[in-house]
Amino acid sequence: MKKSLLVIALASATTFASAQDMNSKRGTPILPEPGDYSIGIDAVPFLDYFGNLMNGSNSAPSFDFKTSPFVISGLYVKDANTAYRGKIRIGFGSNTVNYATSNDATADANDQSFDEVKTGGKAIYLGGGLQKTRGKHRLHGIYGGEALIGLESSKTEHTFANAFSATNPLPSSGIPGQPNGTGDPRTLEVKSGGEFSFTLRAFVGVEYFFAPKMSLSGEFGWGLGLSSQAEGETTTESFDGTTVKTQTSKTGKSSSFGIDTDNSGGSINLNFYF
């Protein structure tokens, strides 16, 4: 009877200690719960910040992406051992810069014109996967698989204030890198070929919960990656003394394929669950 009571007491004490370890002093659960979401960032700036607190050469940590190319990464917790991964980047943008140049139509040095350079592009990445967890306390092993698809493209357009003509065969240009009074062909437009990428990988790593629903993690992966870039185009114009000639040339295409280990999950990740 005494042995039975002792066994029951030890089991109760172990269960209580385990429960205490999985909750903060205020009773907040340490581990994520089913239905929680998380977002992950690069932990290295924060580790550097705390590591340099005493040496007088510190700077505020930055809130950085944990994966390249600037993909927002998150999890949805299904149950204690399963989570769904998600990755997304949807980017469109353009930028216009005006460069001052002389006005070839007048002899007044103070009469300026402006050349224009307009750049634009898009970057779309979508990914998803399944993550499994093994462990009952603060330290967990993680493993699973995921896939990522990406599309990118860009274009640059040049607009010149001074045109080629019989009276102006060497027009001036304010755009850096463009011919300025040399008669050489000048670039009107550059189109990069659309780039497609695909990654399929398995991963394994560790995750440690150091505070309620906050963890540090790291992982390695193995899988395949492929990318393909279509032909781009460069359009130029030149002047032979009587006629303005426009020419478009191809810039070639490329592709790559590989199967290898990787560290695309970042060096050390900081994860927030909510």
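This is a guided tour of one protein chain, going from the whole chain to selected side chains.

Begin with the complete chain, bearing in mind that the model is predicted. In a cartoon view the protein chain shows two helices and 12 strands, and their order along the sequence is α-β-α-β-β-β-β-β-β-β-β-β-β-β. Of the 274 residues in the chain, 29% are buried. If a surface is switched on, the accessible area of the chain comes to about 16600 Å², and carbon and sulfur atoms account for 59% of that area. Among the contacts with a separation of 6 or more, 67% are made by residues 24 or more positions apart.

Next, turn to the aromatic side chains, where the structure holds three aromatic pairs. Select Tyr37 and Tyr76, whose ring centres lie 5.0 Å apart; because their planes meet at 50°, the pair is tilted. Tyr37 belongs to strand 1 (residues 37-42) and Tyr76 to strand 2 (residues 72-79), so this pair ties together parts that are 39 residues apart in sequence. With the surface still displayed, Tyr37 is partly exposed at 45% relative accessibility, and Tyr76 is also partly exposed, with a relative accessible area of 31%.

Then move to Phe209 and Tyr273, where the ring centres are 5.7 Å apart and the planes stand at 40°, so that this pair is tilted. Phe209 is in strand 7 (residues 195-211) and Tyr273 is in strand 12 (residues 269-273), and the pair therefore ties together parts that are 64 residues apart in sequence. Are these two residues, Phe209 and Tyr273, buried or exposed? Both are buried, so a surface display may be best hidden while the rings of Phe209 and Tyr273 are inspected, given the under 20% relative accessible area that defines the term.

Two arginines come next, each placed over an aromatic ring. Select Arg85 together with Phe203: Arg85 lies over the face of Phe203, at 3.7 Å from the ring centre. Then select Arg186 and Phe160, where the charged end of Arg186 sits over the Phe160 ring, 4.0 Å from its centre.

Finish with the backbone at Lys213, in the loop between strand 7 and strand 8 (214-229). What is the sign of phi at Lys213? The value is positive, near 55°, in a residue other than glycine. Most residues other than glycine have a negative phi. Lys213 is also buried, because its relative accessible area is 15%, and the cut-off for that term is under 20%.

Notes:
Residues numbered from 1 in each chain as written. Predicted model: local features only at pLDDT ≥ 70, side-chain atom pairs only at ≥ 80, totals over all residues. Heavy atoms only, no water. Helix = DSSP H or I, 4+ residues; strand = E, 2+ residues; numbered from the N terminus. Buried < 20%, exposed > 50% of the residue type's maximum accessible area, 1.4 Å probe, protein only. Contact = heavy atoms within 4.5 Å. Areas by Shrake-Rupley, 256 points an atom, 1.4 Å probe, with all protein chains shown as cover. Phe/Tyr/Trp six-rings, centres within 6.5 Å; stacked < 30°, edge-to-face > 60°. Lys NZ or Arg CZ within 6 Å of the ring centre and 35° of its normal.
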